[in-house]
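This report concerns the structure displayed below. Please view the sequence and the coordinates together while reading.

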Amino acid sequence: MNYLQYYPVDVVNGEGVRCTLFVSGCIHQCRGCYNQKSWSPSAGVPFDQAMEDHIIMDLKDTRIPRQGISLSGGDPFLPTNVPTLLKLVKRIKTECPDKDIWAWTGYKIDELSGIQLELLEYIDVLIDGKFVQELADPSLLWRGSSNQVIHHLKKTRK
């Protein structure tokens, strides 16, 4: 899996102060997407063990308390991204159990299957649905268009 960007401190992509990882690869290719450079799975750089360790270190850093991590993209639920992210989220839940995990996907929650559902088990908040330019609304919190749904899957930790 490749990723385009990692922000160790982010206050825009989810609740509280967070780490945010923008992965590469998206089959949805929504018209009006703000992150078209993320569509290609080969965009960016390979996600490796050093990057995984860096994220865990950031989540454990008490100098900047973080509520959790946000997974965006591209699409974290793209089947080729899921194995790498599944390893990451399992590690986060083991080593940083007080941190929540948010994820954005163009898939609807009822379209997920197989290993995607396994990844979903570790997600606290999921924002699902393709971005629809005709339904775009800049006043929406954490969503780009009104068809997208925020699913609170687990009680988020404060």
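The text below treats two helices, a pocket and two loop residues in turn. The model is a predicted one.

**Helices α1 and α2**

The dimensions of the two helices are set out in the table.

| Helix | Number of residues | Distance between end C-alpha atoms | Expected span at 1.5 Å a residue |
|---|---|---|---|
| α1 | 12 residues | 17 Å | 16 Å |
| α2 | 14 residues | 20 Å | 20 Å |

Helix α1 comprises residues 49-60, and its end-to-end distance agrees with the expected span. Its buried residues are M51, E52, I55, I56, D58 and L59. Viewed down the axis of α1, these buried residues fall within an arc of 160°, so they line one face of the helix. In general, an α-helix has 3.6 residues a turn, so residues three or four places apart point the same way. The partners against which the buried residues of α1 pack are the strands β1 (2-10), β2 (18-23) and β4 (68-73), together with helix α2 (82-95).

In α2, the residues V82, L85, L86, L88, V89, R91, I92 and K93 are buried. The elements covering them include β2, β4 and β5, as well as the helices α1 and α3. Helix α1 is thus among the elements that cover the buried residues of α2, just as α2 is among those against which the buried residues of α1 pack.

**The largest pocket**

The largest pocket holds about 600 Å³ of space. Its lining is made up of 29 residues, and Y34, W104, F131, G144 and Q148 lie nearest its centre. Two or more lining residues come from each of the strands β4 and β5 (100-105). Sorted by class, the lining contains 12 nonpolar, 14 polar and three charged residues.

**Two loop residues**

Is I123 buried or exposed? Its relative accessible area is 0%, below the 20% limit, and it therefore counts as buried. I123 is located in the loop between α3 (115-120) and β6 (125-128). Beyond its neighbours within four places in sequence, I123 makes contact with L71, F77, I101, A103, L153 and K154. Between the C-alpha atoms of I123 and W39 there are 22 Å, with the two residues 84 residues apart along the chain.

E15 is placed in the loop between β1 and β2. Its relative accessibility is 24%, which lies between the limits of 20% and 50%, so E15 counts as partly exposed. E15 and L141 are 126 residues apart along the chain, and their C-alpha atoms are separated by 9.9 Å.

Definitions and conventions. Residues numbered from 1 in each chain as written. Predicted model: local features only at pLDDT ≥ 70, side-chain atom pairs only at ≥ 80, totals over all residues. Heavy atoms only, no water. Helix = DSSP H or I, 4+ residues; strand = E, 2+ residues; numbered from the N terminus. Expected span 1.5 Å × (residues − 1). Buried < 20%, exposed > 50% of the residue type's maximum accessible area, 1.4 Å probe, protein only. Arc of directions from axis to C-beta. Contact = heavy atoms within 4.5 Å. 1 Å grid on protein atoms, 1.4 Å probe; cavity = no way out; pocket = protein on both sides within 12 Å on 5 of 7 lines; lining within 4 Å. Points joined across faces, edges and corners; volume = space filled by probe spheres on them. Nonpolar A, V, L, I, M, F, W, Y, C, P; charged D, E, K, R; others polar.
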